[in-house]
Amino acid sequence: MSEKKLTGEVYFPPKDVVKYANARCEKLYESASEDIEAFWASEAKNLFWHKKWSQVLDDSNKPFYKWFVGAKTNIAYNCLDVHCQTPRRNKLALIWEGEKGEFHSFSYFALHRETCKFANILKSLGVKKGDRVTLYMGRIPELVIGMLACARIGAIHSVVYGGFSVEALHERLEDSQSKVLIVADGAWQRGKIIELKNIADEALQRAATVESVLVVKRTGHQINMESGRDMWYHELMNLPIANNSDCLEVVDAEDPLFMLYTSGTTGKPKAILHTHGGYMVGTYTTLKYVFDIHEEDRYWCAADPGWITGHSYIVYGPLLNGATSFLYEGAPTYPYPHRWWQMIEKYGINILYTAPTAIRGLMRFGDAWPNRYDLSSLRLLGSVGEPINPEAWRWYYKVIGKEQCPIMDTWWQTETGMFMITPMPCTPLKPGSGTKPFPGIVADVVDEAGNSVKPNEEGYLVIKTPWPSMLRTIWNDPDRYVNQYWSKYPGMYMTGDSARKDEDGYFWIIGRVDDVIKVSGYRLGTAEIESALVSHPAVAEAAAIGLPHEVKGNAIYSYVILRSGYEKTDKLLEELRLHVGHEVGPIAKPEQVEVVDQLPKTRSGKIMRRVLKARALGQDPGNLSTLEE
C-alpha cells in the first residue's frame, strides 16, 4: 500500500520485514474488489479437492449461504496428506513445550501417522460421519491430534476449554449429544493440576449420550477409571486396530467440521457451526497473507485450542499452509514473567500472535524481563481477542518487536471463523486500529437505520457480503441464527460490536454494543475509558462498567489492576479519576475506581463486564460457563 499522507499516529512497516512487494498487497485488494467470488475461487484452487465445485457461492436461501457447492474434500487431508506427498513430510509441523519444560515435536509425517491411528480408534468405537465428539484437555498435542482425527472421519468435534466447570462441560455434552468424550487426566497450570477427569466424571453422571471416554495421561495422578466406559488413549494407540488402512472420509464442502460454543452477554452458550470447505479456504488464505507465512518460519499463536483462535490459527490455518507451529501448555508468567521471551529465544520464533490481555499482563512486569532475551528472530507480531489499547500496542511494538515488527491487530469472531478486519505486513499501522477489511470482505459502520455513518462517528459494525468461513447456523437453533445475526439489518451480518471509521477508512473497534455506557446522553465506549486508565503508569489492566445514576442515567465505575511497585492510596485513586477526565473528557471521569487482583474474563481474554455489573448491583451474574477460571 502506498505511503500516502495518513492522519494521526502512523507506523510504516520496515522495508526489510516485508518479503513480498507492496504491489502484491495492492493487487489482492484490487482483484477481490473486482470480483469477490473469483477471488475466493482462485485461493481455493491452491487446496486439494476430490471433486471441484459447480458453484462458488449459493445465496438462494439467505442467510443460509453455501460455498463451493458440490465440491468434495476433507480439511484434515489438506492439513496432512497433501504435505506428506512432498519433501515437507519431514518438516516439523508442531513443536510443543510443557509447563514443566518437557519437549516434543511432530513432523508432518508423524502427525499424519498419529492422526490416522487415532481416527481408526474412533471408528472402532462406532464413531461415524456426523457423530459428535467432545474434547476436554489442556494445551497438549493430543488435543490437536484428536481434532484432526475427528475431521478425518467426518465426525464433528466440539472442543471444550480445559478450564471450564462441571456445569459448562455437561451443558455442552448434552446440547451436542456427543457419543465420545476425549479427556486428559489433568492439566498443568501454574504448577497445579486441574482435575479434568474428575470434572468430567461429575459431568458424565448426567450426560446420557456419551458411550466411551478416552483418557490421555498427562499428569499421571490418581483418577477413577470406570470399567467398560473409560479407556486409556496410549493403550488404544498401541492396538493393531489403530494401524488399519487409510481411514479418510471424503466429505461435502458443506458437511459440518466442528461446533464451538460461544456466549452472548446473556442466555445459554450457543454452538456455532462451521463446515469443511469454506472454513478451510478462509483460514488458509487469511493466515497466508496476514502473517506472510514462509517455509522456514516458526509461528506461535499463544491462544488455547479451546476457542476459535486456537481452531483457526493453531490447528487448521498453520497446517493448511505447511507451517511449523509452536504450542505451549502453561501460563505466560509461570514460574516467572520471562517464560514467553525465553521460549522465543530458545525456539527461534518468527511470529507471535497473542491477546491484549496477555500483553498488558506482561507489560505490568516492566521491560527488564523481555530485555534479558534475544528476540531478534521475531519478524511479525499479532493481537487478537479485543481492541488493544494504544499504550499496550506501543509497548508490544517497541519493547518486544524493537520497532522492527509490524503488529497485525486482527478483528474477527467465533462466528466469522477467520480474520475480517486486519492489516497485512505492508499496511501502515495506527496503534489501536485493526486498519481495513481483509480483501474480499466488505465491512461498514452504520447507524440505527442501517445507513453509513460519517467518518469518526460511532455506529454498528456490519459485514455486507458473505465470506467462505462464515458460520452456517447455530446447532439445532436456526431461528436464533437468523434473529441474532441477520434480522436487525436484512442482508447484513450484525457483529454485535460498535466501531468507527476514520477519514482514512481505518476501522476502530470500540467494543460490544452492550459495552457502551450512556452518561448524561453521551455514549462512551468502555474501551475508551479502559485505554485511558491503562495509559496511566500505575495501571496494568482496567475494566469499566455503567451503573444506574439518578441524575446522569448511568455513572462510570472502574476496576483496575495495579502494576508492581504501586500501592492503593486515596491520592492515587483520585489521580486516576482525573487522568481519565483529562484523557477522554470530564464526562468520562469514573464515579469510583476500585483496585482488584483480577478481572473476570472469558477464555479468549475478553473482560466479562456483565459479571462486574451484576456483582456491583447484587444481582445474579447469570451463566458463567465461559469464565476463564
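This is a short tour of a predicted model, going from the whole chain down to single cysteines.

Begin with the whole chain selected and drawn as a cartoon, where the secondary structure comes to 18 helices and 30 strands. The radius of gyration is 24 Å, close to the 25 Å that the globule rule gives for 629 residues, so the chain is as compact as a globular protein of that length. If you turn the view along the principal axes, the C-alpha atoms fill a box of roughly 70 × 55 × 50 Å.

Next, keep the chain selected and switch on its surface, which exposes about 23400 Å², with 48% of that area supplied by carbon and sulfur atoms. Beneath the surface, 62% of the 629 residues count as buried. Among the contacts with a separation of 6 or more, 71% are between residues 24 or more positions apart.

Now colour the charged residues: there are 71 positive and 77 negative charges, and their mean positions lie 2 Å apart.

Finally, select the cysteines and show their sulfur atoms. How many disulfides does the count come to? It comes to zero, by a rule that asks for two cysteine sulfur atoms within 2.5 Å. Pick Cys 79, whose closest cysteine sulfur, in Cys 84, is 11 Å away and therefore too far for a bond; Cys 79 itself counts as buried because its relative accessibility is 0%. Then move to Cys 247, where the closest cysteine sulfur belongs to Cys 116 and lies 4.6 Å away, which is also too far for a bond. Cys 247 is buried as well, with a relative accessible area of 2%.

Conventions: Residues numbered from 1 in each chain as written. Predicted model: local features only at pLDDT ≥ 70, side-chain atom pairs only at ≥ 80, totals over all residues. Heavy atoms only, no water. Helix = DSSP H or I, 4+ residues; strand = E, 2+ residues; numbered from the N terminus. Rg over C-alpha atoms; globule rule 2.2 N^0.38 Å. Buried < 20%, exposed > 50% of the residue type's maximum accessible area, 1.4 Å probe, protein only. Contact = heavy atoms within 4.5 Å. Areas by Shrake-Rupley, 256 points an atom, 1.4 Å probe, with all protein chains shown as cover. Lys, Arg positive; Asp, Glu negative; His and termini not counted. Charge placed at Lys NZ, Arg CZ, Asp CG, Glu CD.
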